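I opened this model to make notes on its overall build and then on a handful of single residues. The entries below follow the order in which I looked things up.

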Amino acid sequence: MESTEVVVRSVRTVGPDTVALILESPPEFDARPGQFLQVAGEVDGEEVARHYTLSSPGTDDTFEMTVGVDPDGDLSPWLAEREQGDTLEVTGPFGRSYYEDESSVVVLAGGPGVGPAVGIAERAVADGGEAVVVYRDDEPAHEDRLRGLEAAGATVFVTDEPLADSDDVRDLLSDAEGQVFVYGFADFLDDASDALAAAGHDPDDAKVENFG
């Protein structure tokens with residue numbers, strides 16, 4: 001998709017220094033949970049572009065992006081200040097580590113990786129499948145959606161400790177079956193890889209998105 005203008009429906013706080021933007025889907029927008037977009041805005045007279053991963057289970061009518069707000073960031077504080085009716089420029093979708101109608105998913109998320117994690121898990125459950133979410137963060141976001149996933153039958157485990165150091169995580173992953181997804185920054189990806197290997201999974205089989 002070429003760069004296109006989308007309208008902001010709403011912006012809400014979903015955790016400490018974390019917001020979710022609901023945006024109107026452009027015509028023929030066909031993004032899958034776990035893919036990402038390039039988002040551009042004019043900040044102090046200069047165009048700034050960054051990548052953000054979808055956090056909604058679908059894109060009919062609207063879609064969602066979860067943004068971790070860095071007070072010193074170039075674009076995230078500006079995005080957090082958007083209001084209903086404002087517009088953004090988006091390009092995409094991009095990425096190959098996304099949900100492809102797997103009947104069972106296991107999603108490991110660190111920090112802002114919770115966005116695609118909840119989107120993928122919600123989509124899998126809605127499609128009649130099974131979902132496991134393991135989320136590492138000392139200040140969790142999207143807690144309402146995580147509770148909703150648990151109520152819908154998904155398995156959700158939240159911790160602020162390294163996954164590879166947790167016996168509970170190892171036991172959970174040892175019993176988990178399905179396509180594995182990993183979303184987060186590089187240090188979390190290393191931690192997740194070690195945890196998967198300790199639980200008997202092949203980390204190379206996972207669909208991985210490195211946030212930098």
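**Entry 1: arginine 32 and glutamine 35**

I began with arginine 32, which I found in the loop between strand 2 and strand 3; I keep in mind throughout that this is a predicted model. Is arginine 32 buried or exposed? Its relative accessible area is 19%, and because buried means under 20%, arginine 32 counts as buried. I then looked for polar partners of its side chain, and noted that a polar atom there lies 3.1 Å from the backbone oxygen of tyrosine 99. Leaving out residues up to four places away in sequence, I listed what arginine 32 touches: Leu54, Tyr98, Tyr99, Glu100, Asp101 and Arg123.

From there I moved to glutamine 35, in the loop between strand 2 (18–24) and strand 3 (36–43). What does the side chain of glutamine 35 reach? I found the backbone nitrogen of arginine 32 at 2.9 Å. Glutamine 35 is buried, with a relative accessible area of 9%, and beyond its neighbours within four places in sequence it is in contact with Asp30, Thr53, Leu54, Pro93, Phe94, Gly95 and Tyr98.

**Entry 2: backbone geometry**

One of those contacts of glutamine 35, Pro93, led me to check the peptide bond before it. Glycine 92 and proline 93 are joined by a cis peptide bond, with omega about 15°, and proline 93 itself lies in strand 6 (residues 87–94). I noted this down because most peptide bonds are trans, and most residues other than glycine have a negative phi.

With the second part of that in mind, I looked up two residues with a positive phi. Glutamate 28, which is not a glycine, has a positive phi of about 60° and is found in the loop between strand 2 and strand 3. Histidine 142, also not a glycine, has a positive phi of about 55°, and I located it in the loop between strand 8 (130–136) and helix 3 (143–151). Which surroundings go with each, buried or exposed? Glutamate 28 counts as exposed at 83% relative accessibility, whereas histidine 142 is buried, with a relative accessible area of 0%.

**Entry 3: alanine 40 and leucine 75**

Next I turned to alanine 40 in strand 3, which counts as buried at 10% relative accessibility. Not counting residues up to four places away in sequence, alanine 40 touches Glu47, Val48, Ala49, Leu88 and Glu89. I also took a distance from it to histidine 51: the two are 11 residues apart in sequence and 8.8 Å apart in space, C-alpha to C-alpha.

Leucine 75 lies in the loop between strand 5 (62–68) and helix 1 (76–80), and with a relative accessible area of 1% it is buried. Which residues does leucine 75 touch, when those up to four places away in sequence are not counted? I found Val39, Gly41, Val43, Val48, Ala49, Arg50 and Tyr52. Valine 39 is 36 residues from leucine 75 along the chain, yet their C-alpha atoms are separated by 9.0 Å.

**Entry 4: alanine 206**

I then looked at alanine 206, in the loop between helix 5 (186–198) and strand 11 (207–210). It is buried, with a relative accessible area of 14%, and it touches Gln179, Val180, Val182 and Leu196, again not counting residues up to four places away in sequence. Its C-alpha is 20 Å from that of valine 158, and the two are 48 residues apart in sequence.

**Entry 5: the protein as a whole**

Last, I stepped back to the whole chain and counted five helices and 11 strands in the protein. Its radius of gyration is 17 Å, close to the 17 Å that the globule rule gives for 212 residues, so I record the protein as being as compact as a globular protein of that length. The C-alpha trace spans about 50 × 35 × 30 Å along its principal axes, and 50% of the 212 residues count as buried.

How much of the contact at a separation of 6 or more comes from residues 24 or more positions apart? I noted 69%. The protein exposes about 10100 Å², of which carbon and sulfur atoms supply 39%. As for charge, I noted 12 positive and 48 negative charges, with mean positions 4 Å apart.

Terms used. Residues numbered from 1 in each chain as written. Predicted model: local features only at pLDDT ≥ 70, side-chain atom pairs only at ≥ 80, totals over all residues. Heavy atoms only, no water. Helix = DSSP H or I, 4+ residues; strand = E, 2+ residues; numbered from the N terminus. Rg over C-alpha atoms; globule rule 2.2 N^0.38 Å. Buried < 20%, exposed > 50% of the residue type's maximum accessible area, 1.4 Å probe, protein only. Contact = heavy atoms within 4.5 Å. Areas by Shrake-Rupley, 256 points an atom, 1.4 Å probe, with all protein chains shown as cover. Lys, Arg positive; Asp, Glu negative; His and termini not counted. Charge placed at Lys NZ, Arg CZ, Asp CG, Glu CD. Polar contact = N/O pair within 3.5 Å; in protein donor to acceptor, adjacent residues only side chain to side chain.
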